[in-house]
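Work through the three exercises below with the structure in view. Try each task before you read its solution.

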Amino acid sequence: MRKQLKKLFQPKSIAVIGASDTEASVGFMVMKNLLAGSYKGHIFPVNIKHKKVHGLKAYYHIADLPEAPDLAIITTPAYAVLQVVRECGEAGVGALAILSAGFRETGEESKFRLERIRQIAHAHNMRVLGPNCLGFMAPHLGLNASFSTVMAQAGNIAFISQSGTLGIATLDQSIAQNIGFSYFVSIGTMADVAYADLIDFFGTDHHTNCILIYMESLKEIRRFMSAARSFARYKPIIVLKAGRSMEGQKVSLSHTGVLAGNDDAFSAAFRRSGIIRVSTMAQLFNCAQSLAMQPRPSGNRLAILTNAGAPGVLATDYLMANGGQLAKLSEKTFEALNDLLPVNWSHNNPVNLLGDASADKYQDALRILLRDPNIDAVLVILTYQAMTTPEAVAKAIVAINKKSNKPILASWMGQANVEISREILEAGKVPNYRYPESAVDVFLKIYQYNRNLALLTETPPEEPHQFRSDKAKARKIINQVLADGRHQMLETEAKDLLKCYQLPVTHYQLVTNLAQAKAFAEAHGYPLAVKIASSQVYHKSDLGGVALNIQSLPELEKAYHRVLKNVQHTAPEIEVSGVVIERMIQKKFELFIGARKDPVIGPVLAFGRGGIDVEIHKDTQLGLPPMNMALAQRMIEGTQIYPLLRGYRNRSGVDQESLAFTLCKFAYLIMDFPEIQEVDINPFAMDQFGEFILDAHIVLDPKTAANPPKSYGHLAISPYPGRYQKKIEARNGQEVLLRPIRPEDEPLELAMVERLSKESLYFRFFGYVPKMTHELMIRFTQIDYDREMAIVALTENAAQQTEMIGVVRIIADPWGEAAEYAILVADEWQGQGIGGQMTDYIIEIGREMGLKSIYATVLASNKGMISLFKKKGFTVKREDFDTYRVDLELEKG
């Protein structure tokens, strides 16, 4: 599939269908742009009326060309596009860019035409950009395959825009900020090529170091998340998502629906995939400029170097209000600055050089600050004053920047007096921002990106104890509610379901008469709570349907009759199933746990402060399933109530490990049942002694129940594939468990690697043995199961401890066609038949994943592996003196 995208974005020949000499036409501008650049490939105009266009021979029909072009750019009217696409497929065209307007994502006719374009292109193995798009640019090829009047500068940033007009508007700005692009792509209506395809393509493109996206809508969230998670660690992805207000938010029956709106779900998804989200076009390009020019900061400690007090104060205020730290100058730095600067310098950070600061003073002070280990980056501010020399200072800063491994950001304030110096800075790879706050904002966003990646790749601890859900019982509860024609569960049904996943509930019972209520009181004691039970009511207290802190039998009798009477009086149309009676439990903290199925993102989890005023506080953190203990802990820490949960002064907090485990178990429930639309657990009462669910509300989605997705297809992220578990026997008779790798396995794999002989390491890493750092190990243990599979072999050692003795993996290309194979077996287990059985299992999994082939490179000296490959049916071909290439076609298996 990359081959087809390469024909689209790196074509050796291009046909322009609808090419024209009429200046007002798209076909004219496309031809003009193609010919004006330094593109080296063949250009073929296709026009049914003219023999020549722009001085080149024009062809009547795409089939008349002397060769099948890699790319056809279609600029014809919308009504002709389907026929042209069909003709291109028949002519063997490699890819299409449909610039034609007149296609919408709404309306049955438009949807039909888009689907037909997709079907025809797929049948002929063509990829399609557009329709309704501007086209694209590849500046390093001198290629402008668009109708934009401005050509992008060459650089290392790929820009993807869903809006063509916005793309044109940003080109001027990019030139002004000296930002260059590897590719500039307008994707339009996305009949075929979408964000995931482009992230995969640019993620493996050596011209691209960073990806910018202007997004209005998103399809295929699973593919998008998979692509973003694969590359965001190594190539920053910055997204400006439009439509933040109330998009997708409909009137909801639950708190979660209010607290976890569509835009919040997008933010949670971006955060989970390692994406930098920005709010404005200025932030998008400010961040891009810094990433293109500067290293990323290792921390949030900023030093500010300025020649005026006020801008330094403003920058400090913004820094401190948004999660940054004003760097504390070391004693050595302070003394060096004291020796360098006038006696009345600020003697602190911000370092105020005063209004008459020379270029030499700026340069020397900056050099001193960059040497300080307490400083992660420096913001240099210059305000124009009569005695300043902006150009000289800019040159001095650029000279330091060439030797610095820490970020340097600049803010030359003013307009005409600093215009030339700004150009000097940006030409010298020092990003300049008109206002200090903008520079600080960029610094913090890139720091937060680094910190988020570190948190996402943290090795999670094991869950505190074994957890087994009763999925069969849970399925029975859900099916019964749906069979009754209801989509909203009774409170008791909701608690029964949560109990199936070992979530802590109180003693409760649905009663239909006072005698049953009295019997419950006699069995469980006081205090008690009673609540009406109805699948038509969510906020029971709004109807007077709740009575709390019942201390005696007379109080119970009164409360029982009162709640029923209140509901009958305020909402006589409501069908009441009875009364829920339960033990009253008082805990210090009332928390909230919820979930909502977003129409784009899928299930989103929520955690935060609970109680009746939950929607007022809005102290909620969102996350996406699947969860692990580390991700759950990050959700907890992201709330405002967290300092109290941790314990504050002499007040006790809660068991955070138990709370994180509760969130993990809750996530399993949401993952296992796509029929669940919304869940509210509120309050979730907790203190240092324990926790209980006091109230629960669950809404089901009958449409999903009637047409369920494929296994876990409703999730944005592929969960742990626990179905791949198999027990095998080694030749020595010992039982070995094969299962997919988990992030928690990092210590086990590291221990295995550290036991390996030099020969085993040489065969696995082809001579070069990297240092086994956490950063390297996460590449092996934290994988995307949609793209990669790693099966570990586990057994018990003599000390009855779990030990990893082997790992085999296949790493698929982004389009799931071919996968690279690798295997490692501990020295003491080689020759026990483990490697062969693991290879058989991973090949079986590869077939199930839909792969077409598996390949590997093996050292010629690794005779054992070459023999194994031959036994398993791989073709073995020598690549060079040192290596063989082995291939296995799975379709024939």
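**Exercise 1.** In this predicted model, find which residues of α7 meet which residues of α9.

*Solution.* Start with α7, residues 221–231. Its contributors are Phe224, Met225, Ala228 and Arg229. Now turn to α9, residues 262–273. Ala269, Phe270, Arg272 and Ser273 make the contact from that helix. Next, sort the residues of this contact: 5 are nonpolar, 1 is polar and 2 are charged. Finally, check the geometry. The axes of the two helices come within 8 Å and cross at roughly 35 degrees.

**Exercise 2.** Decide whether Ile14 is buried or exposed, and list what it is in contact with beyond its neighbours within four places in sequence.

*Solution.* Locate Ile14 in strand β1, residues 13–17. Its relative accessibility is 0%, and buried means under 20%, so Ile14 is buried. Then list the contacts outside that sequence window: Leu34, Tyr39, His42, Ile43, Phe44, Pro69, Leu71, Ile73 and Leu143. Take Pro69 from this list. Ile14 and Pro69 are 55 residues apart in sequence, yet their C-alpha atoms are 5.5 Å apart in space.

**Exercise 3.** Explain why the buried residues of α26 lie on the same side of the helix.

*Solution.* First pick out the buried residues of α26 (746–755): Glu746, Glu749, Met752 and Val753. They span an arc of only 130 degrees around the axis, so they share one side of α26. Now look at the face turned away from that side: Pro747 and Glu754 are exposed there. Last, find the cover over the buried residues, which includes α27, α28, β33 and β34.

Note on methods
Residues numbered from 1 in each chain as written. Predicted model: local features only at pLDDT ≥ 70, side-chain atom pairs only at ≥ 80, totals over all residues. Heavy atoms only, no water. Helix = DSSP H or I, 4+ residues; strand = E, 2+ residues; numbered from the N terminus. Buried < 20%, exposed > 50% of the residue type's maximum accessible area, 1.4 Å probe, protein only. Contact = heavy atoms within 4.5 Å. Axes fitted to C-alpha atoms, helices over the stretch in contact; angles between N-to-C directions. Nonpolar A, V, L, I, M, F, W, Y, C, P; charged D, E, K, R; others polar. Arc of directions from axis to C-beta.
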